[in-house]
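Grab a pencil and get ready to poke around a protein. Each exercise below sets a task, and a worked solution follows it.

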Amino acid sequence: MSRPSEQRIYAAYIASRQSAALAAAVRIGLFDVLAEAPCDVPALAGRLAVARRPLAGLVRALTAMGLLTRGVHGLVLAPDAATYLVRGRPLWMGGLIDLEVEGMVTPQRVIDALRSDRASVYAGEDPWEVHARDPERARAFTAAMHSISAVAADGFAACVDAAGVGSVLDVGGGSGALSIALARAYPSLRCTVWELPSVCPLAEGYIAAAGLGGRVSALPGDFLRDPWPRGHGAILLSQILHDYPVARAPALLAAAYAALAPRGVLWIHEKLVADDGTGPLLNALVDIDMMVWTDGQQYAPSVLERVLEHAGFTGARIVPAHGTWSVAIAARAPR
Ligand SMILES: C[S@@+](CC[C@H](N)C(=O)[O-])C[C@H]1O[C@@H](n2cnc3c(N)ncnc32)[C@H](O)[C@@H]1O
């Protein structure tokens, strides 16, 4: 009698090793060293001050993952590794990947979340309060968000029409990655990254590095407690709603509605999951992150449309953006 293959299950089981290999390689600077010049394992072990035998295993895994190739002068970075994994390059994703070393999603963390209905990475504390008193965790988290958002930012800016909105309020804008892309795409646009006081200096650093200090600014505030700055032509919520249970969305969207200029527009940038619960896999897996990092979840289109309509927004439509991202676009008043 034929039996189903066990390969899909084994592949899922072993997949966490890919994550661990990638994060370890980022942390020890393996991609940074190979970006300078190709070299073989013994020379690489010397440069990284690590042991040769385990490094050979790590290199084999990274090669099998397609991130390294073997050239005539030694190990060479694959094009995507050279673009996204070398520290200091504009689309470096290491900020995100490096967070795995201390904040790895483990089976125990998932079990704890399932049993307690609380996120566990911050041991039950509010992540943002932890960031407020621990600048290093705020820096690492903001770098991670920047890594996720910088690669998606041009795709986001291409999906929305910011001509004529005048100014954008980027609520909980993190590093300002999306505001930076919008300001680059629309030369007369002004953007305000409204962030917790602990994050504003970090955002200012990213904005200054992009050379956009004149048009993108950081404004300290708390979107749960302070009145929302009024009169902006557009409000952006990128990965904000997904940080909270859906029951918190109406209050956030009501605040956005009240703060927007009369003919203003709301943009919600999220990785959505299908209404029928089938995926897509990359977004469904983010739900596992959300249960251990915050008390949130990924949104399905119908849920997003329902909460937008309930808050009074009209004409909501969801458009695909970069990769598996989407943007929900809704107007404050009928157009
Ligand atoms: C998941 S991150 C998203 C960052 C950014 N929007 C992006 O997509 O790259 C959530 C952000 O919201 C900020 N945040 C959380 N609570 C906040 C609050 N009450 N007021 C202002 N910002 C807040 C955090 O500091 C963090 O940068």
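The exercises go from the whole chain to helices and then to single residues.

This is a predicted model, in which local features need pLDDT of at least 70, side-chain atom pairs count only at pLDDT 80 or more, and totals for chains, interfaces and linings use all residues. Residues are numbered from 1 along each chain as its sequence is written, and side-chain values use heavy atoms, with hydrogens and water left out.

**Exercise 1. Get the overall picture.**
Work out how many helices and strands the protein has, and what its radius of gyration says about how compact it is.

*Solution.*
- Step 1: Count the elements, and you get 15 helices and 9 strands. Helices (H or I, at least four residues) and strands (E, at least two) are DSSP runs, numbered from the N terminus.
- Step 2: The radius of gyration is 21 Å, close to the 20 Å from the globule rule for 335 residues, so the protein is as compact as a globular protein of that length. That radius is taken over C-alpha atoms, and the rule is 2.2 Å times the number of residues to the power 0.38.
- Step 3: Put a box along the principal axes, and the C-alpha atoms fill roughly 65 × 60 × 35 Å.
- Step 4: Now look inside: 47% of the 335 residues are buried. Buried means under 20% relative accessible area, exposed over 50%, and partly exposed in between (1.4 Å probe, protein chains only).
- Step 5: Take the contacts with a separation of 6 or more; 68% of them come from residues 24 or more positions apart. A contact means heavy atoms within 4.5 Å.

**Exercise 2. Find the hidden side of a helix.**
Which residues of helix α13 are buried, and what covers them?

*Solution.*
- Step 1: Go through residues 249–259 and pick out the buried ones: A249, L252, L253, A256 and A259.
- Step 2: They span an arc of only 125° around the axis, which means they sit on the same side of α13. The arc is that of the directions from the helix axis to the C-beta atoms.
- Step 3: Look at what lies over them; the cover includes β6 (234–238), β7 (265–270) and α15 (301–310).

**Exercise 3. Describe a helix pair.**
Describe how helix α2 packs with helix α7.

*Solution.*
- Step 1: Two packed helices are described by the angle between their axes and the distance between the axes.
- Step 2: For α2 (residues 16–28) and α7 (residues 94–103), the angle is about 110° and the axes are 8 Å apart. Axes are lines fitted to C-alpha atoms, for helices over the stretch in contact, and angles run from 0 to 180 degrees between N-to-C directions.
- Step 3: That angle makes α2 roughly perpendicular to α7. The cut-offs are under 35 degrees for roughly parallel, over 145 for roughly antiparallel, 65 to 115 for roughly perpendicular, and oblique for the rest.
- Step 4: Name the partners: S19, L22, A23, V26 and R27 in α2 meet G94, I97, D98, E100, V101 and E102 in α7.
- Step 5: Sort that contact by class, and you find 5 nonpolar, 2 polar and 4 charged residues. Ala, Val, Leu, Ile, Met, Phe, Trp, Tyr, Cys and Pro count as nonpolar, Asp, Glu, Lys and Arg as charged, and the others, Gly among them, as polar.

**Exercise 4. Check some backbone oddities.**
Where does P280 sit, and are A49 and Q239 buried or exposed?

*Solution.*
- Step 1: Most residues other than glycine have a negative phi, and most peptide bonds are trans.
- Step 2: The bond from G279 to P280 is cis, with omega near -5°. P280 is in the loop between β7 and α14 (281–293).
- Step 3: A49 has a positive phi of about 55° without being a glycine. A49 sits in the loop between α4 (41–48) and α5 (52–64), and at 71% relative accessible area A49 is exposed.
- Step 4: Q239 also isn't a glycine, and its phi is positive, near 55°. Q239 lies in the loop between β6 and α13, but with a relative accessible area of 10% Q239 is buried.

**Exercise 5. Visit two residues of one helix.**
What do T142 and R137 touch?

*Solution.*
- Step 1: T142 is in helix α10 and is buried, at 5% relative accessibility.
- Step 2: Leave aside neighbours within four places in sequence, and T142 contacts G174, S175, V199, L202 and Y206.
- Step 3: R137 lies in helix α10 (residues 135–159) and is partly exposed, at 32% relative accessible area.
- Step 4: Not counting residues up to four places away in sequence, R137 touches V121, Y122, V130 and H131.
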